[in-house]
Amino acid sequence: DSDLMQALRDRFAVYQGDIIGHNVKGDLVFLAYYGIRAPKARVWDTMIWHKSQTIWPTEGIGLKWLAKKHQAAPAYEADVHTLWDQKIPTSQIDPEKMRNYLAGDLWHTECEMLRQAQQPMTYAFKLSTDYLPVITNMEINGFHVDSQVVTEEIVKNIEEQKIIRAEIDTLAQEAGVVKFNPQSPQQILRLLESLGIRLDATDEE
């Protein structure tokens, strides 16, 4: 419906409220393909918030997993996911089931955002959120690269790696290390010790 699409474009163009979502970049890209952008809106991505809390996440960050953990949510997605697993297209799924599924996503996303908002905002989260419009534009429009410059940099890096490797091999030979393997912690330790660099034993990785 062209009238509806234009109404959405006009509304989002002046919208200054919050856009809340879990992995919301995908939604922003989808809307942008139809000319719907919200340049004045504030974005809160509940998935990015979780990613920004630690360098190496040890737990799931999917919305359904978080809903079960923090809101003790039942498996509201089971009916729809089962049908998707059976290769049944969304257009053939009972509309009532889809409404319940989407309502569950909306509800738990908002609950997760409210829970996150009560905690200190990390710099990583703010930075990621600030860059989200730029990343979205890059995904929509792509970006140009100079293939010649890229090729020159690759060749340059390869040559630099050869020089560095030759220097390391020379140091290793002087230290009496035969067939030096830079991936070997023991050989690296022996090489450093030969150069007068001693490292204290530690259990840290």
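Contact means heavy atoms within 4.5 Å. The model is predicted: local features need pLDDT of at least 70, side-chain atom pairs count only at pLDDT 80 or more, and totals for chains, interfaces and linings use all residues. Residues are numbered from 1 along each chain as its sequence is written, and side-chain values use heavy atoms, with hydrogens and water left out.

**View 1. The whole chain, with nine helices and two strands.** Helices (H or I, at least four residues) and strands (E, at least two) are DSSP runs numbered from the N terminus. In that direction the elements follow the order α-β-α-β-α-α-α-α-α-α-α. The radius of gyration is 26 Å, well over the 17 Å that the globule rule gives for 205 residues, so the chain is more spread out than a compact globule. This radius is taken over C-alpha atoms, and the rule is 2.2 Å times the number of residues to the power 0.38. Along the principal axes, the C-alpha atoms fill a box of roughly 75 × 45 × 40 Å. Among contacts between residues at least 6 apart in sequence, 62% join residues at least 24 apart. Of the 205 residues, 24% count as buried (under 20% relative accessible area; exposed is over 50%, partly exposed in between; 1.4 Å probe, protein chains only). The chain exposes about 15100 Å², and carbon and sulfur atoms supply 57% of this area, computed by the Shrake-Rupley method with a 1.4 Å probe.

**View 2. Helix H6 and its buried residues.** H6 has 23 residues and spans 33 Å from its first C-alpha to its last, close to the 33 Å expected at 1.5 Å a residue; the expected span is 1.5 Å times one less than the number of residues. Its buried residues are Met-98, Tyr-101, Gly-104, Asp-105, His-108, Thr-109, Cys-111, Glu-112, Met-113 and Gln-116. They pack against strand S1 (18-21), strand S2 (42-45), helix H3 (46-51), helix H4 (63-71) and H5.

**View 3. The crossing of H5 and H6.** The axes of H5 (residues 78-85) and H6 (residues 95-117) come within 9 Å and cross at roughly 120°. Axes are lines fitted to C-alpha atoms, for helices over the stretch in contact, and angles run from 0 to 180 degrees between N-to-C directions. From H5, Asp-79, Val-80, His-81, Leu-83 and Trp-84 meet Lys-97, Met-98 and Tyr-101 of H6. The residues of this contact divide into five nonpolar, one polar and two charged (nonpolar: Ala, Val, Leu, Ile, Met, Phe, Trp, Tyr, Cys and Pro; charged: Asp, Glu, Lys and Arg; polar: the others, Gly among them).

**View 4. Gly-21 in strand S1 and Thr-109 in helix H6.** Gly-21 is buried at 6% relative accessible area, and Thr-109 is buried at 8%. Leaving aside neighbours within four places in sequence, Gly-21 is in contact with Trp-44, Asp-45, Thr-46, Met-47 and Thr-109. With the same neighbours left aside, Thr-109 touches Ile-20, Gly-21, His-22, Thr-46 and Leu-63. The C-alpha atoms of Gly-21 and Gln-148, 127 residues apart along the chain, are separated by 40 Å.

**View 5. Two loop residues with positive phi, Ala-72 and Lys-87.** Ala-72 lies in the loop between H4 and H5, with phi near 50°. Ala-72 is exposed, at a relative accessible area of 64%. Lys-87 lies in the loop between H5 and H6, with phi near 65°. At 74% relative accessibility, Lys-87 also counts as exposed. Neither Ala-72 nor Lys-87 is a glycine.
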